[in-house]
Amino acid sequence: MTDILDLFPQYAEELKLLRKTAREFAQRNFSPELARELDKKEEFPWDLYRKAGELGLLAPSIPTEYNGGGFSTYLADIVVTEELVRAEPTLGTAIMSGPFSSHLLYFFGTEEQKKKYLPPVYKGETTFFGAYTEPEHGTDITQLNTVAERKGDKFIIRGMKTFITNAPTAKYGVLLAQTEPEKRHRGQTLFIIHTDWPGVTIRKLTGKMGQRSIPVGEIYLDNVEVPIDYVVGGEKGINQGFYWTLAYFNVSRIGPAAMAVGLMLSAFDKALEYAKKRVQFGQQIINFQLIQEKLGRMAMLIEAARSLVYRAAYYVDDYIKFKIDPRAMAAITSAAKVFATDAANQVIDDAIQIHGGYGYFEEFDVERYWRDHRVTRIYEGTNEINLLTIVDALRRDVWKP
Ligand SMILES: Cc1cc2nc3c(=O)[nH]c(=O)nc-3n(C[C@H](O)[C@H](O)[C@H](O)COP(=O)(O)OP(=O)(O)OC[C@H]3O[C@@H](n4cnc5c(N)ncnc54)[C@H](O)[C@@H]3O)c2cc1C
């Protein structure tokens, strides 16, 4: 019994089937050649994204009425993310980032908003964005420069967002703006914004180190008129934006953690295979104890990270039923995110080292894995701020290891 899914007997059977579906999808459709090409061209894998949507892989734990996969546990999302990223990191991360932030609308949107906006995303017809970051407000979003001024039954939004994943490809997404600037974070609201609305301009950002097939852009809002119906959650969502954003990230940051596990597994598979094949001093390099030490440490880090990530994902099911203190949940998911992404830094670097000079060239792929991994320590809260989140829970006595 070494399959991690056996730790969750109530779901193990259905999750193994889901993993098989994801694995077969990847085997049929993924190739390193395609990944290298899209990485170079900085293009999104639209065709694969649509196919993944047809198979229900884009949002496994979302109910089928919104075109999700209908699984009753968030573990399903992690299983698919890990599997697709392990199969091909560039393609897997791009596909699983396509619906980024749509869970926020699922958690807090009105029924009408969810029915209208979620199905096209999960069918793979459009990507989705979540726009929080601004040029002057990255880690600290407690006061935003983007302002939504109320005029009767509509808002007029002015401002700019940067580093927004999927902004160049999405038809719509959610955006955090300051509705009452003097109230700082207590006066922020989330809006649904369409990218083709008058006054909305998108500028694609190019030249990223990695995850180059995931489009990222800036969003400019020039007096954009937004009727009140587009406030996430309707009237009751006004001034809830900051809190709902944090509540969403308590779940969402498990995404990059699961990606990190997939990336590590992919790099490890390559390194192990290479160590068994490469001959120096008349023998396979896996015979050298300094290589063995690396492989042993890599396997250990992967196992530890994976355990933490699955455990954090398991808690999501109770968290969304309000059975877990949000700050405790924040600490658990932050720990998983920081540990897994820091572990990936070490593991993928070791994989490059085991490949020697070949590891530095694109043909052997591990250099691309490292580039694709690196941002997971920066977005969804930098690892520094996630560590502080853990301490916040400790200081408030709501959680401890
Ligand atoms: C590829 C990519 C995709 C992204 N996608 C999105 C997206 O879809 N939506 C979105 O809204 N944003 C997105 N982001 C933005 C991302 O979330 C921010 O880059 C991140 O939150 C950090 O903000 P910053 O870049 O302004 O860095 P800063 O906040 O300026 O931080 C700089 C450094 O200071 C450290 N620091 C800051 N405050 C503290 C503190 N209190 N204590 C200790 N250290 C601190 C940080 O950890 C970091 O090391 C994306 C970024 C990238 C690179």
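How do the residues of the shell around the ligand divide into nonpolar, polar and charged? In this predicted model, the shell divides into 10 nonpolar, 6 polar and 2 charged residues.

**The ligand site**

The ligand is surrounded by 18 residues, and the closest of them are Thr-133, Thr-139, Phe-163, Thr-165 and Thr-382. Three polar contacts between protein and ligand are listed here with their distances.

| Residue | Protein atom | Ligand atom | Distance |
|---|---|---|---|
| Gly-130 | backbone N or O | nitrogen | 2.8 Å |
| Thr-139 | polar side-chain atom | oxygen | 2.6 Å |
| Phe-163 | polar backbone atom | nitrogen | 2.8 Å |

On its own the ligand has 980 Å² of accessible area, and the protein covers 65% of that area. Two or more residues of the shell around the ligand are given by each of strand E1 (128–131), strand E3 (154–165) and helix H13.

**Packing of H11 with H13**

Helix H13, spanning residues 383–395, also packs with helix H11, which spans residues 326–354, at an angle of about 145° and with the two axes 8 Å apart; the crossing of H11 and H13 is left-handed. On the H11 side the contact comprises Arg-327, Ala-330, Ala-331, Ser-334, Ala-335, Lys-337, Val-338, Thr-341 and Asp-342, which meet Asn-383, Asn-386, Leu-387, Thr-389, Ile-390, Asp-392 and Ala-393 in H13. By class, the residues of this contact divide into 7 nonpolar, 5 polar and 4 charged.

**Packing of H4 with H5**

A second helix pair is formed by H4 (residues 75–87) and H5 (residues 89–97), which pack at an angle of about 145° with their axes 5 Å apart, and the crossing of H4 and H5 is right-handed. Here Val-80, Thr-81, Leu-84, Val-85, Arg-86 and Ala-87 in H4 meet Pro-89, Gly-92, Thr-93, Ile-95 and Met-96 in H5, and the contact of H4 with H5 has 7 nonpolar, 3 polar and 1 charged residues.

Methods. Residues are numbered from 1 along each chain as its sequence is written. This is a predicted model: local features need pLDDT of at least 70, side-chain atom pairs count only at pLDDT 80 or more; totals for chains, interfaces and linings use all residues. Side-chain values use heavy atoms; hydrogens and water are left out. Axes are lines fitted to C-alpha atoms, for helices over the stretch in contact, and angles run from 0 to 180 degrees between N-to-C directions. Helices (H or I, at least four residues) and strands (E, at least two) are DSSP runs, numbered from the N terminus. A crossing is left-handed if the near helix is turned anticlockwise from the far one by less than a right angle, and right-handed if clockwise. Contact means heavy atoms within 4.5 Å. Ala, Val, Leu, Ile, Met, Phe, Trp, Tyr, Cys and Pro count as nonpolar, Asp, Glu, Lys and Arg as charged, and the others, Gly among them, as polar. A residue is near a molecule or strand if one of its heavy atoms lies within 4 Å of it. A polar contact is a pair of N or O atoms within 3.5 Å; within protein, one must be able to donate a hydrogen and the other to accept it, and residues adjacent in sequence count only if both atoms are side-chain atoms. Accessible areas come from the Shrake-Rupley method with a 1.4 Å probe; for residues, only the protein chains shown count as cover.
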